[in-house]
Amino acid sequence: MGTMNTPATSTLDLGVGGMTCASCVSRVERALKKVPGVQDATVNLATESARITLAAAGPAEALLRRAVRDAGYEPRAAEAAVTQELSPWDGFGPVAIGLALSAPLVLPMLGDLAGAHWMLPPWVQFALATPVQFVLGARFYRAGWHALRALTGNMDLLVALGTSAGWGLSVWLWLTSAAGAMPHLYFEASAVVVTLVLLGKWLEARAKRQTTAAIRALHALRPEIAHLLQRAGGEIDVPVAELLAGDRLAIRPGERVPADGVVEQGDTQVDESMLTGEPLPVPKSAGARVTGGSINGDGRVVVRVSATGQESVLSQIIRLVEDAQAAKAPIQRLVDRVSAIFVPVVLATGLVTLLGWLLAGAGVEAALIHAVAVLVIACPCALGLATPAAIMAGTGVAAWQGILIKDAQALELAHKVDTVAFDKTGTLTVGQPRLTAFVVAEGVDEAALLAAAASLQSGSEHPLARAVVGAARERGLPVVEPDSVRAVPGRGSEGEVGGASYLMGSLRWMEELQVGVGGLRAEADRLQSAGATLSALVERTTAGLTLRAVMAFADEPKTGAREALAALRARGLRVRMISGDNRGAALAMGERLGLAADEVMAEVLPADKAARVAALKAGGHTVAMVGDGVNDAPALAAADVGLAMGTGTDVAMHAAGITLMRGNVGLVAGALDISHRTVLKIRQNLFWAFAYNVAGIPLAALGYLSPVVAGAAMALSSVSVMGNALLLRRWRMKTD
């Protein structure tokens, strides 16, 4: 459990176990809000947790735990659901047992269709069905009982009522049948319904666990050990959790920064792409701030810790993801809403049927059979299959097309999207800098100088160095091994190539060395205003340092990105690009992508990305966010629908409900299209499921349907729902 305090209120997180549906969420929220001192309570079904806002003098934690327990649920530590990483098959045991016990009951029915009589003796059917009904199905009775106490109805109550009716009628017919007779029993119907619904619940639970994987992946960015510098001298390794503000840490090349801090000694370059999404390492020297979770470059530095624990930037990003997930409304399925009305109507109809036939003079057995026929045909088998069958078919065919849909809520919401926001780097662009301009001084051989620059950088893994080498190789220029190369952390490198001595690095370094840009100033200013990152190549001669060339580096749009944005706009969608770049660079890239100035949001920090998405939603729009980096995770979680590039980070893919496996922007339109078609199938399935009930219940009540025919109609409704859902497998993504 965690707390976060403000002067007027405090926020407390509490884990809640045992929730199964949206009605459970509202029940827990109502119970918590009744506790004196609670101002607000938001329960998240995905993370199985509650965030409670308390007044300054709020209630004791024990009172909140008691309120959760009295509502019929299990209070526990808030971190339990998030930090516990379970196997994908966790919890499948009861489903497997149900399948094993139900199979012998279903096989004789299939045999009857082929003319074979494999019917099991009643006592064997009873022995197989009873554990499924009352041991594996106990959860439905518990949840149904809680719903009854709250005077509401849900799917669990329908399952408990329908399967109990089938099981009870089977026992009664068995016990009252003549010796040696083989009455028609309904044990297989009750066992199969319980097993199928358990399978659906297990699939839901597995999907819920995936939503917390984003938070686990963010926690994994934090190293476990830090090198603490002792006052007496020397280093000691300590757990990051024990760090205090003011501690001095040694950070070696290639290590992750353990905590937020300020550089005291040393020069290096730090990869902050997990925060900014930008591919270029950032130079760091004494006085510069570093952020926990970023990756140190090629220099050893000493850092003084400025923030730890909940106050660190990484913890704030984790908090943003948690808040965005908690703010999502639980899935309010049409089935759940209708169930609240459907259950009492079915019960009342069954009771009226029983009393009506008794008053009409029919015997108790006939009246009971007619009443049970009502409950059997009302059993929500097709109702329970309608949504998951369509979702499973839709997600399956989408996966074949490279669209991985992990979150049913994202699938249901995507068809409503009218605004699509894109992260720039790595999503709309390649994410790797390229040499876009190589401007040489007058009288210099451009090809020879580029070959020399590439040779100087050939041993470096720096992104800009790789861009220079790549540009030389594209032109077929010779790249040779340099002599005596030396890296200057945070500035550049120097060395000898072919007998000449060169320095290559940032313009800031050149200013420190008092090397002027000279006649290349106008061209350098033009490139910089277009958003390019500039470096200079200087030759050391007997006359001193002489500028030979200015190099411009910039990201490139992905192939097909411009066309994909135009296709989305042609469908009537609004398009926005969100970038951490300066406005000049962002507008320049936006122009290359065919975006207008008002469609580009520049200089947006990670925390602000989620806020920009929230602002778009506040305007009444349904927003999809497309991103690929750790820094995009809060925005992906805050959007109605998050789409992550499969070529991006694991954190982004965990936070998003949809992953585009090929990293192709054109797949965004495909994801929205399959969502539309899947939701259409869900609505069709629900219509047919309800149509069977609406038509069948009156016929059963009037005695035109026996329980056998009612059971067959129920099975037929399930087959029709599954068949309709499987039509989705013919979907293919349109290519514009």
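**Notebook: Phe422 and its surroundings**

I began at Phe422, and its contact list is a long read: leaving out residues up to four places away in sequence, Phe422 touches Thr427, Leu428, Leu565, Leu568, Val575, Arg576, Met577, Ile578, Met625, Val626, Val665 and Val668. A reminder to myself before going on: this is a predicted model.

**Entry 1: the core around it**

I looked up which core Phe422 belongs to. The largest nonpolar core has 51 residues, and Phe422 is listed with Ile403, Val420, Ile658 and Leu660 as the members that touch the most others. Helix H26, residues 667-701, gives the most to this core, with 9 residues. I also found a second, separate core of 27 residues, with Leu105, Leu128, Phe140 and Ile369 among its members. I jotted down the usual background here: nonpolar side chains tend to be buried together in soluble globular proteins.

**Entry 2: strand E16**

Next I asked myself which faces of E16 are covered. Both are: Thr419, Ala421 and Asp423 are buried on one side, and Val420 and Phe422 are buried on the other. That fits the count for the strand, which spans residues 419-423 and has 5 of its 5 residues buried.

**Entry 3: neighbours of E16**

Which strands flank E16 in the sheet order? I traced an open sheet of 7 strands with mixed pairing, in the order E15-E27-E26-E25-E16-E23-E24, so I could place E16 between E25 and E23. At the edges I found E15 (403-405) and E24 (600-601), each pairing on one side only.

I then went through the two partners of E16. With E23 (residues 574-578), E16 pairs in the parallel sense over 5 bridges, and Ala421 has Arg576 as its bridge partner there. With E25 (residues 623-627), E16 is joined by 4 bridges, again running parallel. On that side Ala421 stands opposite Met625, and Val420 has Ala624 as its bridge partner. I was pleased to see Arg576 and Met625 again, as both are on the contact list of Phe422.

**Entry 4: helix H18**

I moved on to H18, residues 463-474. Its 12 residues reach 16 Å from first C-alpha to last, close to the 16 Å expected at 1.5 Å a residue. I listed its buried residues as Pro463, Leu464, Ala465, Ala467, Val468, Val469, Ala471 and Ala472. What do they pack against? I found strands E17 (434-440), E20 (500-506), E21 (533-541) and E22 (544-554), along with helix H17 (446-457). After H18 comes Gly476, with a positive phi near 75 degrees.

**Entry 5: strand E14**

In E14, residues 301-307, I found 5 of the 7 residues buried. E14 is joined to E8 by 4 bridges in an antiparallel run, with Ile251 opposite Val301. E14 also pairs with E9 (residues 260-265), antiparallel over 5 bridges, and there Gln265 stands opposite Val302.

**Entry 6: confidence**

Last, I checked how far to lean on all this. The mean pLDDT of the protein is 81, with 85% of its residues at 70 or more. Confidence is highest in E8 (residues 248-251), at 95, and lowest in E1 (residues 3-5), at a mean of 48. Residues 1-6 have pLDDT below 50, and the model gives this stretch 17 contacts beyond near neighbours in sequence. I marked residues 327-332 too: pLDDT stays under 50 there, with 13 contacts beyond four places in sequence.

Methods
Residues are numbered from 1 along each chain as its sequence is written. This is a predicted model: local features need pLDDT of at least 70, side-chain atom pairs count only at pLDDT 80 or more; totals for chains, interfaces and linings use all residues. Side-chain values use heavy atoms; hydrogens and water are left out. Buried means under 20% relative accessible area, exposed over 50%, partly exposed in between (1.4 Å probe, protein chains only). Helices (H or I, at least four residues) and strands (E, at least two) are DSSP runs, numbered from the N terminus. Two strands pair if DSSP finds at least two bridges between them. pLDDT is the predictor's confidence in each residue, from 0 to 100. Contact means heavy atoms within 4.5 Å. The expected span of a helix is 1.5 Å times one less than its number of residues. A nonpolar core is a set of buried Ala, Val, Leu, Ile, Met, Phe, Trp, Tyr and Cys residues joined through side-chain atoms within 4.5 Å.
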